[in-house]
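Please look through the sequence and the model below before reading on. The paragraphs that follow go from a single chain to the pairing of chains, and then to individual side chains.

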Protein chains: 2
Amino acid sequence: MTETYSVDRRNKVRVGNRADYDRTTVQAILDAALIAHVGFVVDGRPVVIPMIHGRDGETVYVHGAKATRLIKQLAKGVPACLEVTLADGIVVGRSAFHSSMNYRSVVVHGTARKVEDADEHARALEIVTEHILPGRWAEVRPMLDKEVKATGVIAIEIEAASAKVRAGEPIDEESDYDTPVWGGVVPLRTTYGAPEGDSRLLPGVEVPASVAALTGKAG
Amino acid sequence: MTETYSVDRRNKVRVGNRADYDRTTVQAILDAALIAHVGFVVDGRPVVIPMIHGRDGETVYVHGAKATRLIKQLAKGVPACLEVTLADGIVVGRSAFHSSMNYRSVVVHGTARKVEDADEHARALEIVTEHILPGRWAEVRPMLDKEVKATGVIAIEIEAASAKVRAGEPIDEESDYDTPVWGGVVPLRTTYGAPEGDSRLLPGVEVPASVAALTGKAG
């Protein structure tokens with residue numbers, strides 16, 4: 001397997017020099033994001049739905065109740081696009097034109113596949129669970145049969161992918177640097193707060209290792 | 001104008017009781033989000049691209065370099081879907097099945113329109129700039145002609161929209177509440193850090209009011 005994704009009409013980034021087809025970059029951004037934005041076509045119209053995802057090699061899994069439109073539609077094996085974006089900061093240029101955001105984003109193109117195999121289905125649910133809260137799968141009871149049956153899993157194999165990353169300072173109009181206008185970056189940070197046990201927590205039950213590991217971590 | 005968006009095939013939420021068609025809810029979520037995920041169809045395939053947006057009444061604007069695929073494609077007046085999601089927390093259920101996320105999301109369906117009118121074009125750029133950094137428009141010089149000409153603006157009128165909101169505790173399998181397994185929520189917070197002036201900042205230039213107002217604020 002090559003270290004970069006091949007570039008075709010689907011994933012070629014048309015403008016600017018921020019495109020990155022490196023597998024390591026693409027996969028790291030996919031893995032860092034909590035929410036994936038999944039696009040598909042219904043009656044010729046685009047639909048974009050936020051989903052929880054997880055990755056296994058070159059496959060991205062999403063899951064949901066079997067009755068949702070997304071699961072029913074993607075189960076037909078249609079083309080799908082999955083996008084994730086992490087917002088890292090506000091780029092404050094000396095002009096509106098050169099103001100921007102710092103971000104890391106990935107766009108994946110593939111074909112959706114309904115996961116029918118029981119082992120792959122179980123493994124995908126573990127991957128998605130662990131993506132959101134690493135270590136949790138081993139802390140909880142196994143899935144019940146009725147839960148497995150109610151949950152649809154869709155696999156999207158990465159057929160084409162690209163990352164775009166913007167980092168660092170504004171790049172201003174040269175003449176604007178001589179004006180007394182502020183330019184710089186305001187960082188955006190997503191962090192996990194202190195865990196809040198729910199109203200039905202039994203006395204003496206402590207915060208588990210998976211949850212404790214999140215506290216104060218970047219989200 | 002009614003207080004809710006009408007429900008049709010495009011925006012009907014199929015599963016669960018978290019759908020909200022209230023205009024105030026939809027608009028507040030659109031306004032709170034920094035990044036919009038814009039879906040459109042190219043050669044029968046879905047494409048989803050992250051964009052900066054801004055809202056004026058029932059119109060959502062996005063902007064970008066005229067040469068980008070998104071601007072060129074949407075300029076044709078095609079159907080578009082715009083989705084935003086704010087992640088508010090990890091819902092830690094007592095089982096994998098009942099684990100989830102707290103979030104606020106909106107899906108908007110509309111038809112893209114290339115903004116040709118000079119006044120609307122200028123106003124849209126102000127709206128998008130102000131959406132990311134309120135107060136900034138008045139602090140910077142006017143757009144240069146070459147900047148205006150290089151920037152494509154797309155309007156998406158909200159033809160159908162829905163919000164989905166999940167908040168609060170996990171809703172666990174009743175029998176799991178009797179087990180000594182932790183359940184609760186880990187809040188996710190996105191905040192602005194301290195502004196970082198860039199390497200070419202002139203001596204004595206202070207952080208402007210727009211940027212100062214962000215510091216410590218929720219993002």
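How many positive and how many negative side chains does chain A have, and how far apart do the centres of the two sets lie? In this predicted model, chain A carries 26 positive and 30 negative side chains, and the centres of these two sets are 7 Å apart. The chain that bears these charges is built from five helices and eleven strands, and its C-alpha atoms occupy a box of roughly 65 × 50 × 35 Å when taken along the principal axes. Of its 219 residues, 52% count as buried, while the accessible surface of chain A amounts to about 9,300 Å², with 54% of that area belonging to carbon and sulfur atoms. Among the contacts in chain A with a separation of 6 or more, 69% are made by residues 24 or more positions apart.

The relation between the chains can be taken next. Two copies of a chain are in general related by a rotation about an axis together with a shift along it. Here, a turn of 180° and a shift of 0.0 Å along the axis lay chain A on chain B with an RMSD of 0.0 Å, and that is the relation of a two-fold axis. The residue of chain A that comes closest to the rotation axis is A:Thr190, whose C-alpha lies at 2.0 Å from it. Because 100% of the interface residues of chain A are also interface residues in chain B, the copies meet through the same surface.

Salt bridges provide a way to follow how charged side chains are placed, and over all chains the count comes to 24. One of them joins the side chains of A:Arg23 and A:Glu58, with a distance of 3.1 Å from N to O. A:Arg23 belongs to helix H1 (residues 23–32) of chain A, whereas A:Glu58 sits in the loop between strand E4 (53–56) and strand E5 (59–65), so the pair ties together parts that are 35 residues apart in sequence. A:Arg23 counts as buried because its relative accessibility is 15%, under the 20% cut-off, and A:Glu58, at 18%, counts as buried as well.

Another salt bridge, between B:Glu174 and A:Arg200, brings its closest N and O atoms to 2.6 Å. B:Glu174 is found in the loop between strand E9 (160–166) and strand E10 (184–192) of chain B, and A:Arg200 in the loop between strand E11 (196–197) and helix H5 (209–214) of chain A, so this pair joins two chains. A:Arg200 is partly exposed, having a relative accessible area of 37%. Residues from both chains also appear in a network of salt bridges that links A:Arg94, A:Asp172 and B:Asp198.

Within chain B, B:Arg141 and B:Glu147 form a salt bridge in which the closest N and O atoms are 2.8 Å apart. Is each partner buried or partly exposed? B:Arg141 is partly exposed, with a relative accessible area of 21%, whereas B:Glu147, at 1% relative accessibility, counts as buried.

A last residue to locate in chain B is B:Pro134, which lies in the loop between helix H3 (118–132) and helix H4 (145–150). B:Pro134 counts as partly exposed, with a relative accessibility of 44%, and its C-alpha atom is separated by 18 Å from that of B:His121, a residue 13 positions away along the chain.

Terms used:
Residues numbered from 1 in each chain as written. Chains lettered and ligands numbered in written order. Predicted model: local features only at pLDDT ≥ 70, side-chain atom pairs only at ≥ 80, totals over all residues. Heavy atoms only, no water. Salt bridge = Lys/Arg side-chain N within 4 Å of Asp/Glu carboxyl O. Helix = DSSP H or I, 4+ residues; strand = E, 2+ residues; numbered from the N terminus. Buried < 20%, exposed > 50% of the residue type's maximum accessible area, 1.4 Å probe, protein only. Contact = heavy atoms within 4.5 Å. Areas by Shrake-Rupley, 256 points an atom, 1.4 Å probe, with all protein chains shown as cover. Lys, Arg positive; Asp, Glu negative; His and termini not counted. Charge placed at Lys NZ, Arg CZ, Asp CG, Glu CD. Least-squares fit on C-alpha atoms with pLDDT ≥ 70 in both.
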